[in-house]
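User: I'm a first-year student and I'd love a close look at one part of this protein. Could you start with the big picture and then zoom in?

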Amino acid sequence: MFSSAQRSHFDAFGFLIFRKHFPPAAMEMLAAVFDRTMATYQSSPRHVEAWECVVDYALANPQICEQFLEDDLIQGALSALLGSDFVWYGASCNWFGTGKWHPDQHGYERGSVKILIYLDSLRADRGSLRLIPGSHRPPLHEILQPHQPPNDDSEDGMFGMRGVDLPAVDFEPDPGDAILFSKNLWHGAFDRRRSRAGKAPLRRMVSFSFGPNRQSPELLEYFRSFFQREEEVTPASPPPDERLRRLGRKRTAAMIARLTSMGLHSRVCRQPSNVPQNRNGQQDD
Ligand SMILES: O=C(O)CCC(=O)C(=O)O
């Protein structure tokens, strides 16, 4: 169960780590779905971030929703942090290299969070996610802003320090661990091997995004931006939430129904592309 101590930790530091939370069988299933999905959507796994959808994901992978999203601790955390009517607006499989320090959004009041699950063990200077505690809220969030490295591929950290050297917390995941953090939190991933060889080994990561169900135009626009790249499809019959309910995925069905009520899910899933893209959405050479 999600505790008030966990809530306070999140408020203070902007993240929560759940160690050994998911059993090996669930992780094997997730890895199999990940590899299958990426094999379908990519022809070469090279700095690609080309698969992201929500409703299609839930319908295609109800067993993953059950194991990971309908989980009591995850649901408890999301309800406590965002309200029981929270909005699920992002689901993606990612092959990532490394990435500079950045927050995913500015504006503490937006309050979105992200859950990342890495499929392989990662260590501090070998591509593990690094987080700057407390940088999800003012004043630290804004203090860091002018120091953000301009180059997406930059291994340089801020303040003239390499990313691996800046004071920060290392997630260092093993399969079964998950991290939940505020999208306002400054984070990055670095790999010393990249500095020598020029490239970092790719990492497999699954991510889920959630936000509060505040119907402000700004927040709705933010959610919509996640569905924008996705293609308009004919609504399934029966509707996805009904199909999920029939499968016994009540919590997933409720999350999808909220998207329906907000008019967010008529756009479902990005068209599979044969052209691998890098993490900037550009075509690879
Ligand atoms: O590279 C990672 O491990 C984290 C990816 C990231 O920065 C993000 O999802 O915003």
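How many helices and strands does the chain have? And then, for helix H10, which residues are buried?

Analyst: Let's start with the ground rules. This is a predicted model, so local features need pLDDT of at least 70 and side-chain atom pairs count only at pLDDT 80 or more, while totals for chains, interfaces and linings use all residues. Residues are numbered from 1 along each chain as its sequence is written.

The chain has ten helices and twelve strands. Both are DSSP runs numbered from the N terminus: helices are H or I with at least four residues, strands are E with at least two. Of the 285 residues, 37% are buried. A residue is buried if 20 or more other C-beta atoms lie within 10 Å of its own, exposed if 12 or fewer, and partly exposed in between, with C-beta atoms placed from the backbone.

Now for H10, which runs over residues 250–261. Its twelve residues should span 16 Å at 1.5 Å a residue, and the end C-alpha atoms are indeed 16 Å apart, so the two agree. (The expected span is 1.5 Å times one less than the number of residues.) Its buried residues are Thr 252, Ala 253, Met 255, Ile 256 and Leu 259. They cover an arc of only 160° around the axis, so they sit on the same side of H10. That arc is taken from the directions running from the helix axis to the C-beta atoms.

What lies over that side? The cover includes helix H3 (55–60), helix H4 (62–69), strand S3 and helix H9 (240–246). Here, two residues are in contact if their C-beta atoms, placed from the backbone, lie within 7 Å.

S3 (residues 87–96) turns up again in the largest nonpolar core: with five residues, this strand gives the most to it. That core has 59 residues, and Val 54 and Leu 180 have the most contacts inside it. (A nonpolar core is a set of buried Ala, Val, Leu, Ile, Met, Phe, Trp, Tyr and Cys residues joined through C-beta atoms within 7 Å.) Leaving aside neighbours within four places in sequence, Leu 180 touches Phe 15, Leu 16, Ala 77, Val 113 and Ile 115. Contacts like that reach far along the chain: among those between residues at least 6 apart in sequence, 85% join residues at least 24 apart.

Back to the two ends of H10. Just before the helix, the loop between H9 and H10 holds Leu 247. Leu 247 counts as partly exposed because it has 16 C-beta neighbours inside 10 Å. The C-alpha atoms of Leu 247 and Pro 62 are separated by 8.0 Å, although the two residues are 185 residues apart along the chain. After H10 comes Gly 263, with a positive phi near 70°.

Most residues other than glycine have a negative phi, and most peptide bonds are trans. This chain has some exceptions you can look up. Lys 20, in the loop between strand S1 (15–18) and helix H2 (24–41), has a positive phi near 50°. Lys 20 counts as exposed because it has 11 C-beta neighbours inside 10 Å. Glu 172 also has a positive phi near 50°; look for Glu 172 in the loop between strand S7 (169–170) and strand S8 (178–182). And the peptide bond from Pro 138 to Pro 139 is cis, with omega near 0°.
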